[in-house]
Amino acid sequence: MSAPSGWLSAAKIDGPAVLAFPFAGCGPSIYNRLGDRLSREWGVKLFAIRPPGIEARFTEDRAASHASYARDLASDIASAVGGKYAVFGHCGAIPYVVETLRAIEHNHGRDRLPHSVVFSGWGPPHKGLYGDLNFADLEQISYGNEVRNVARATGVDLIDEFVEIYAEQLEFDVRQQRTYVFDAIADGGLDIRIVGWSDDEVVPCDVAVSDEWRESFPDATIEYSVLAGGHYAFMEAPDDLCRILCHGLN
């Protein structure tokens with residue numbers, strides 16, 4: 001594998017691949033288990049997006065907006081990805097996925113768009129934001145507690161130093177997310193797969209698989225799936241999610 005190119009962990013990606021976007025307060029390491037399983041059992045490499053300001057890029061300035069995040073990432077995708085690929089976004093990552101699709105199409109051409117897009121644990125973006133954090137008083141949120149709760153839900157007990165680092169990232173992400181307003185993209189030809197989770201305590205399943213997604217992306221092909229588990233079950237790399245992510249890549 002060749003050297004990293006900023007947003008991606010490889011300068012060239014030629015085989016079938018999944019590009020996975022971290023959500024609020026998290027870094028690319030949240031996809032370690034899913035990436036291991038896709039590679040070992042499905043023959044597909046997962047490349048977790050590496051935003052500046054977190055984990056391996058901790059010392060870099062964070063992206064100033066959804067648009068700048070998308071523009072810079074789209075440039076790396078266009079130069080690095082040569083094979084068929086899918087894109088995965090869970091929860092608050094989805095606005096960043098949408099804007100990255102817009103930037104790829106606008107700046108690099110429709111032929112550079114992904115084979116498929118998988119949206120998980122979120123609702124139709126034209127309706128707004130989802131999840132309690134996106135509506136809570138910004139000054140009253142205990143960002144450290146939120147980080148600990150997510151870590152424990154995935155079987156991890158973070159030391160205080162890491163809690164502080166991820167809490168700072170979470171606050172930045174939540175504040176930036178409040179600025180987001182969805183605008184329609186050129187979605188003709190996109191293959192979009194919507195995933196809801198049966199026991200999702202953050203974005204209820206009926207919201208996640210609402211037919212109103214067709215209003216956000218009226219010209220795309222959209223399929224819906226309900227998978228077993230709560231909001232963070234995707235980190236466990238369940239069979240059905242792996243099958244959805246790898247559909248049509250091999």
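Modeller: Before we look at single residues, here's a handy rule: two strands pair if DSSP finds at least two bridges between them. Keep in mind that this is a predicted model.

Biologist: Okay, so which residue stands opposite Arg 193 in β5?

Modeller: That's Val 118. Strand β5 covers residues 191-197, and four bridges join it to β4, with the two running parallel.

Biologist: And how many bridges are there between β3 and β4?

Modeller: Five, again in the parallel sense, with β3 spanning residues 85-90. One partnership to look for is Gly 89 with Phe 119 in β4. Helix α3 (residues 94-108) comes in here too: β3, α3 and β4 make a right-handed β-α-β unit.

Biologist: Back to β4 itself. Which way do its residues point, and are they buried or exposed?

Modeller: Ser 116, Val 118 and Ser 120 point one way, Val 117 and Phe 119 the other, and all are buried. Because five of the five residues of β4 are buried, the strand is largely enclosed by the rest of the structure.

Biologist: Now the helices. What do I look at when two of them pack?

Modeller: Two packed helices are described by the angle between their axes and the distance between the axes. Here, α4 (residues 143-153) and α5 (residues 160-177) pack at about 110°, their axes 8 Å apart. That makes α4 roughly perpendicular to α5.

Biologist: Which residues in α4 and α5 meet?

Modeller: From α4, they include Tyr 143, Val 147 and Arg 148; from α5, Val 163, Tyr 166 and Leu 170 are among them. By class, this contact has seven nonpolar, one polar and four charged residues.

Key:
Residues numbered from 1 in each chain as written. Predicted model: local features only at pLDDT ≥ 70, side-chain atom pairs only at ≥ 80, totals over all residues. Heavy atoms only, no water. Buried < 20%, exposed > 50% of the residue type's maximum accessible area, 1.4 Å probe, protein only. Right-handed = clockwise from strand over helix to strand, strands pointing away. Axes fitted to C-alpha atoms, helices over the stretch in contact; angles between N-to-C directions. Parallel < 35°, antiparallel > 145°, perpendicular 65-115°, else oblique. Contact = heavy atoms within 4.5 Å. Nonpolar A, V, L, I, M, F, W, Y, C, P; charged D, E, K, R; others polar.
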